[in-house]
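Here are my notes from a pass through the model, mostly on salt bridges and a couple of backbone oddities. Have it open as you read.

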Amino acid sequence: MDGASGSAYARELSRQQQRLWEVECVVRGSALLHTGIALRLDGMLDEKRLSHAVTAVFRRHELLDTGFHADGETLTLGPATHQEPRVLHRPDLRADQAGHLTEVRRAAAAAHAEIFPLAGEPLARAHLTLLGDGSGVLLLTFHRLVMDLFSLHQVVTDLQEAYRRGPDEPLAPADRYSALLAAREHRRSADWEFWRTELSGFPTPWIGERRPEPGWLPDGAELRVPLDPALSGLLQANARAARCTPTVYVTAAAARRVLERSGAADLVLGTMSANRMNSDAVGPLAQAVLVRVGPSAPHGDQGVLAQVRRGLREGMAHQGVEFEEIVDLLTDGMGVARDDLAPLSVSVTADSWQSSVAGLAFTLFDLDDDQGEGEDEGGDEGAAGPVVRPSQLDVELNLCGTQPRLVLTYDRRCFGAEWCARFAAGLLTDLAAGRG
């Protein structure tokens with residue numbers, strides 16, 4: 001806490017932030033560790049009110065109110081100096097014309113890729129583009145040192161609330177990220193025992209064509225597969241019948257397919273989940289839950305959905321130990337090689353999300369200007385799109401009504417294009433057949 005200004009800022013990096021900083025030192029100069037969201041703004045836009053709302057949200061959260069200064073490979077933290085969102089007026093562009101919209105997307109993508117100088121400023125910025133038809137696009141960009149994908153929802157929620165209240169009614173202080181980390185330390189020993197018990201008799205799997213070398217970084221590729229619009233309703237209906245969320249349902253189907261493609265008898269998958277601990281704090285708080293599938297799993301090889309549902313539920317209650325710490329625990333205590341874990345990230349999204357506040361509509365704005373052309377060629381590694389998530393296999397099922405698609409993001413050093421194409425085909429077959 002800065003006694004002069006009253007600003008609450010972080011003073012030490014968490015374990016996850018330390019790992020992210022190690023990656024940043026290697027990939028410095030690229031936008032690999034950038035994340036963010038673009039929002040389409042339609043309606044009664046008050047530019048000054050929006051600028052105040054963005055500043056208020058950034059000041060509300062400890063990590064967004066922290067200045068990061070790099071000196072070689074040393075990163076120091078301190079109070080931040082905020083700047084107002086950058087505003088670009090483009091009266092020559094309108095959001096209802098395809099050519100203009102493509103130009104807006106490209107400009108926003110370029111702004112998203114702009115490198116944070118790490119000279120004491122916060123790792124959060126806003127860029128507002130005002131268009132000639134009265135609408136606008138608000139681009140929020142963060143470094144993963146201060147933001148995970150699950151925190152973006154909290155930021156947007158705060159932004160809408162701050163805009164609704166206006167400058168005369170401040171937001172309530174948010175829980176501190178560093179306080180949550182300290183609370184986890186008290187639970188760590190019990191959580192380690194949970195993982196020891198859950199993963200006894202750890203199996204040795206083999207996934208993909210080649211495992212990564214020590215210290216690997218993502219060499220990413222994408223496979224995009226258009227979906228039948230009817231799959232969205234079918235998936236949601238099957239998930240309700242199975243008494244779980246679509247994400248759990250798809251995770252179970254993906255886990256079964258990864259097991260089959262790996263050639264192993266058993267497999268332990270690390271799948272991403274969120275651990276909010278009843279907090280509205282933002283930061284890299286998303287963690288991996290380990291799910292064991294195969295004959296040795298608690299529910300056997302025919303109970304993958306039950307195992308995933310159980311694993312997520314119990315894992316949410318025992319997430320004081322982060323994924324890499326679990327790997328270290330298994331390596332040191334059970335003689336397991338680090339490459340025996342299979343990171344799998346699954347998300348089910350819908351681009352139809354929209355909210356309205358004080359006459360201003362906030363709608364997700366897709367930065368991808370690929371209008372669906374050439375999606376059948378998505379398995380070509382040479383035509384890979386940008387990859388910003390450092391995970392080995394990332395499965396995103398986008399159920400947008402206008403352009404539903406399955407997107408596989410993978411490390412080409414671990415998985416080949418043919419492997420991923422077969423995996424995607426098998427996964428979609430299972431989902432269409434109601435086999436989660």
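1. A residue is called buried here when its relative accessible area is under 20%, exposed when that is over 50%, and partly exposed in between. Keep in mind that this is a predicted model.

2. Let's start with a pair that fits the first of those classes: Asp280 and Arg60 are both buried. Their side chains meet in a salt bridge, with an N to O distance of 2.7 Å. Asp280 sits in the loop between strand 9 (267-273) and strand 10 (287-293), while Arg60 belongs to helix 2 (residues 47-60), so this contact ties together parts that are 220 residues apart in sequence. If you look at one salt bridge by eye, I'd pick this pair of Asp280 and Arg60.

3. How many salt bridges does a search of the whole structure find? The count comes to 15. As a reminder of the background, side chains of opposite charge can pair when their charged atoms come close.

4. Now over to helix 4 (residues 151-165), which holds both Glu161 and Arg165. The two are 4 residues apart, or about one turn of the helix, and their side chains form a salt bridge at 2.8 Å, N to O. Are they buried or exposed? Neither, as it happens: Glu161 has a relative accessible area of 25%, so it counts as partly exposed, and Arg165, at 25% as well, is also partly exposed.

5. Arg165 has another partner, since its side chain also meets that of Glu169 in a salt bridge, this one at 3.9 Å, N to O. The cut-off for a salt bridge is within 4 Å, so do check that 3.9 Å pair yourself. Glu169 is partly exposed, with a relative accessible area of 40%. Which residues are linked in the network of salt bridges here? They are Glu161, Arg164, Arg165 and Glu169.

6. On to the backbone. Leu118 has a positive phi, near 55°, and is not a glycine. You'll find Leu118 in the loop between helix 3 (98-112) and strand 5 (119-121). Its relative accessible area is 2%, so Leu118 is buried.

7. Ala358 is another non-glycine residue with a positive phi, about 50°. Ala358 lies in the loop between strand 12 (354-357) and strand 13 (360-364). Whereas Leu118 is buried at 2%, Ala358 is partly exposed, with a relative accessible area of 45%.

Definitions and conventions: Residues are numbered from 1 along each chain as its sequence is written. This is a predicted model: local features need pLDDT of at least 70, side-chain atom pairs count only at pLDDT 80 or more; totals for chains, interfaces and linings use all residues. Side-chain values use heavy atoms; hydrogens and water are left out. Buried means under 20% relative accessible area, exposed over 50%, partly exposed in between (1.4 Å probe, protein chains only).
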